[in-house]
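Here is a brisk report on one protein model and its ligand. Have a look at the structure before reading on.

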Amino acid sequence: MYYHRENIPNSLQKTLSQLKTGEVISGEAISKNLGISRSAIWKQVKNLRDLGYIITAETNMGYRLDLENLPDRLYPFEVLPTLQTKNLGHNIYWGYDIPSTNDKAKELAREKAAEGTIVLAETQSKGRGRRGRAWESSPSKGIYLSVVLRPQRPLADASVYTFLGAYAVLRLCIEEDLPAQVKWPNDIYVNGKKISGILSELSAIGQDIGYIVLGIGINVNQSDFPEDIPGTSLMIEKGMMLSRKEVLAKLLLFLEEGYERLKNDKHWLIDLMKKYSLLLDKEVVVTGGLELQGVAEDIDNDGALIIRTEEGLVKVWAGDVSVREKIQY
Ligand code: BT5
């Protein structure tokens, strides 16, 4: 089941809007209001039911949509009216199960998808983290999003766009009064547990960025996680369920705002990453490529993490960094 913005049947949305009063409305009335046949409406109702809307048919009276139990899905026609962005997210590719939204977004980017195009899935069968790790994508609980960006920037600036994803999630958490921190370069933690991960992938044109696919996974309404994943969700931290649609709309707004600011300057973002860093001033261990340990001292203007080791300062551009547990005697 795939919907691209252009493919969403307009009539389906119109029928839905007629039903969204929650009152009983006759097929005849809908047919008159929309200027389409009653059999066409019957088909629309069937399609809407297939999408999870509960519509009862009251004999001789008409249809009624159950407003209390709307499907918890990020259908483009539900998401679009909530967006407050100028450009970001206005072109939506949605699928119930997309193996990896990043892979789909890369495919669309190669096919010249416009900047700001987003891919959304209810679940991913091959959701990816870095280095072949998996991203747990339980159906309709989290937000699994990939954004196509085309910044006109040299490759050297690429790492700040991973930070951009972290920035948007950080703002979201701060707005929800949650004590969020960023574990360089791409994890967001709340109260010691991971709530979100970012996977940014790029394609180069010579020495410049061609496109960036910014993949963001956020745990929203999960109540628990598999034993081997020390994760948390907005719901666990807030003690209540959140509307994924509203969370998504905010996230895209913060992303767009940050993206616009990055056109003039990137230092504000580096400063913010330092301010909310989980690692700075801590004893850390770096693995995956470089293997070293020391104290995380700074984040450089090029996005690298600077570690003070026994041999001196070392710059780390990529890798897994964990805080070294203090040995208790
Ligand atoms: C990340 O990788 O944290 C980047 C995750 C990016 C996921 C998004 S979802 C939309 C888009 N499409 C994709 O295919 N990917 C992106 P990394 O730093 O390598 O962390 C991966 C590790 O996080 C795993 O090995 C688990 O330990 C842990 N993990 C997996 N799923 C999790 C979840 N839902 N919540 C918290 N931790 C999780």
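## Ligand shell

Which of the 27 residues around the ligand come nearest? They are S100, R128, R130, R133 and K194. This is a predicted model, so read the distances below as properties of that model.

The shell mixes residue classes. Eight of its residues are nonpolar, 13 are polar and six are charged. Several secondary-structure elements each supply at least two shell residues. They are helix α5 (101-110) and the strands β6 (142-149), β9 (193-205) and β10 (208-219).

## Polar contacts and cover

Three side chains can be listed with their distances to the ligand. In S100, a side-chain N or O atom is 2.7 Å from a ligand oxygen. In T101, a side-chain N or O atom is 3.0 Å from a ligand nitrogen. In D187, a polar side-chain atom is 3.5 Å from a ligand oxygen.

How much of the ligand's accessible area does the protein cover? On its own, the ligand has 800 Å² of accessible area, and the protein covers 92% of that. The space that the ligand takes is the largest pocket.

## Overall fold

The protein chain has 329 residues, and 50% of them count as buried. Its secondary structure comprises nine helices and 15 strands. Along the principal axes, the C-alpha atoms fill a box of roughly 85 × 50 × 30 Å.

## Backbone features in the loops

Which peptide bond is cis? The bond between W184 and P185 is, with omega at about -5°. P185 belongs to the loop between β7 (180-183) and β8 (187-190). D187, whose side chain has a polar atom 3.5 Å from a ligand oxygen, falls within the residue range of β8.

Two residues other than glycine have positive phi values. For K112, phi is near 75°. K112 sits in the loop between α5 and β5 (118-123). Is K112 buried or exposed? It is exposed, because its relative accessible area is 70% and the cut-off for that class is over 50%.

For R131, phi is about 50°. R131 lies in the loop that runs between β5 and β6. Its relative accessibility is 46%, so R131 counts as partly exposed.

## Two side chains in context

Where is Q222 found? It is in the loop between β10 and α7 (234-238). Q222 has a relative accessible area of 3%, which means that it is buried. The side chain of Q222 also makes a polar contact of 3.3 Å with the side chain of N219. N219 falls within the residue range of β10.

N47 is part of helix α3 (residues 38-50). With a relative accessible area of 38%, N47 is partly exposed. N47 and F77 are 30 residues apart along the chain. Their C-alpha atoms are separated by 14 Å.

## Recap

The ligand takes up the space of the largest pocket, and the protein covers 92% of its accessible area. S100 is one of the residues that come nearest to the ligand, and a polar atom of its side chain is 2.7 Å from a ligand oxygen. In the loops, the cis bond joins W184 and P185, while K112 and R131 have positive phi.

Technical notes. Residues numbered from 1 in each chain as written. Predicted model: local features only at pLDDT ≥ 70, side-chain atom pairs only at ≥ 80, totals over all residues. Heavy atoms only, no water. Near = heavy atom within 4 Å. Polar contact = N/O pair within 3.5 Å; in protein donor to acceptor, adjacent residues only side chain to side chain. Areas by Shrake-Rupley, 256 points an atom, 1.4 Å probe, with all protein chains shown as cover. 1 Å grid on protein atoms, 1.4 Å probe; cavity = no way out; pocket = protein on both sides within 12 Å on 5 of 7 lines; lining within 4 Å. Sits in = over half its atoms within 2 Å of the grid points. Helix = DSSP H or I, 4+ residues; strand = E, 2+ residues; numbered from the N terminus. Nonpolar A, V, L, I, M, F, W, Y, C, P; charged D, E, K, R; others polar. Buried < 20%, exposed > 50% of the residue type's maximum accessible area, 1.4 Å probe, protein only.
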